[in-house]
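Here are a few short exercises to work through with the model open beside you. Try each task before you read its solution.

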Amino acid sequence: MLTTGIYCLPACKARKPKAENVRFFPTCEAARAAGLRACKKCHPDDFARGADPVLESIETLAAEIRRNPAAFVDARAIVRRSGFGATRVFELFRLHYHTTPADLLLRARIEETKKKLIATKAPLADIAYGAGFEALSVFHENFRRLTGMTPANFRDLASARTFEVALPAGYPCPIFAAR
């Protein structure tokens with residue numbers, strides 16, 4: 001757009017200029033050579049090189065959550081850390097991870113506790129609080145719901161030579177048969 005000195009993608013959500021103020025360029029480099037700067041809303045340079053800065057920031061945030069779930073008190077902390085609004089963060093997490101920020105955080109905490117249950121002999125309370133759980137009852141309830149066993153039973157798997165799986169009545173067992 002010549003009046004503002006900005007070049008955008010044709011599908012940019014910014015307010016559309018008057019037709020007489022629009023000029024089309026074959027590349028971002030050509031637009032920059034004409035003295036224009038990239039739009040901060042649609043990021044045409046990122047688009048031209050195939051990058052998605054929003055996706056990259058959400059992937060970085062998700063990796064951060066998985067690496068250190070205790071650093072995030074709740075979903076609001078994730079939203080604050082993201083730099084986006086709450087609605088946008090939830091939309092991005094649903095779009096890219098098919099879950100909510102709170103559920104990703106909970107699952108990261110459970111994964112963290114599973115690793116520590118197997119790798120250490122630390123007390124369950126220390127492991128739960130270290131992963132960011134604020135109450136043991138919440139830890140036990142969510143651990144059992146997501147793994148199907150208690151934390152103590154999960155820890156015992158590390159030294160168990162055998163284990164049993166309880167299947168519901170009428171479960172189609174032939175699917176386990178070797179072919």
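Helices here are DSSP runs of H or I with at least four residues, numbered from the N terminus. Keep in mind that this is a predicted model.

**Exercise 1. Place Val165 relative to helix H9, and decide whether Val165 is buried or exposed.**

Step 1: Helix H9 covers 151–156, and Val165 is found in the segment after this helix.
Step 2: The relative accessible area of Val165 is 60%. The cut-off for exposed is over 50%, so Val165 is exposed.
Step 3: Now look at the neighbourhood. Val165 helps make a nonpolar surface patch of about 720 Å², together with Leu157, Phe163, Leu167, Tyr171, Ile175 and Phe176.

**Exercise 2. Describe how helices H3 and H6 meet.**

Step 1: Two packed helices are described by the angle between their axes and the distance between the axes.
Step 2: For H3 (residues 53–67) and H6 (residues 101–119), the axes come within 8 Å and cross at roughly 40°.
Step 3: List the partners. H3 brings Ala62, Ile65, Arg66 and Arg67, while H6 brings Leu104, Leu105, Ala108 and Glu112.
Step 4: Sort these residues by type, and you get five nonpolar, three charged and no polar.

**Exercise 3. Find which residues of helix H4 are buried, and what they pack against.**

Step 1: Within H4 (residues 75–82), the buried residues are Ala75, Ala77, Ile78, Val79 and Ser82.
Step 2: Their packing partners are H3, helix H5 (86–97) and H6.
Step 3: Check what follows the helix: Gly83 comes after H4 and has a positive phi, near 85°.

**Exercise 4. Compare the accessibility of the residues in two salt bridges of helix H6.**

Step 1: Side chains of opposite charge can pair when their charged atoms come close. Asp103 and Arg107 form a salt bridge at 2.9 Å, N to O, and Glu112 and Lys116 form one at 3.0 Å.
Step 2: Asp103 and Arg107 sit four residues apart in H6, about one turn of the helix. The spacing of Glu112 and Lys116 in H6 is also four residues. An α-helix has 3.6 residues a turn, so residues three or four places apart point the same way.
Step 3: Asp103, at 22%, and Arg107, at 41%, are both partly exposed. Glu112 falls at 16% and counts as buried, whereas Lys116, at 33%, is partly exposed.
Step 4: Return to Exercise 2, and you will find Glu112 in the contact with H3 as well.

Note on methods. Residues are numbered from 1 along each chain as its sequence is written. This is a predicted model: local features need pLDDT of at least 70, side-chain atom pairs count only at pLDDT 80 or more; totals for chains, interfaces and linings use all residues. Side-chain values use heavy atoms; hydrogens and water are left out. Axes are lines fitted to C-alpha atoms, for helices over the stretch in contact, and angles run from 0 to 180 degrees between N-to-C directions. Helices (H or I, at least four residues) and strands (E, at least two) are DSSP runs, numbered from the N terminus. Contact means heavy atoms within 4.5 Å. Ala, Val, Leu, Ile, Met, Phe, Trp, Tyr, Cys and Pro count as nonpolar, Asp, Glu, Lys and Arg as charged, and the others, Gly among them, as polar. Patches are made of residues with over 30% relative accessible area and no salt bridge: like charges are joined within 9 Å, nonpolar side chains (Val, Leu, Ile, Met, Phe, Trp, Tyr) within 5 Å. Accessible areas come from the Shrake-Rupley method with a 1.4 Å probe; for residues, only the protein chains shown count as cover. A salt bridge is a side-chain nitrogen of Lys or Arg within 4 Å of a carboxyl oxygen of Asp or Glu. Buried means under 20% relative accessible area, exposed over 50%, partly exposed in between (1.4 Å probe, protein chains only).
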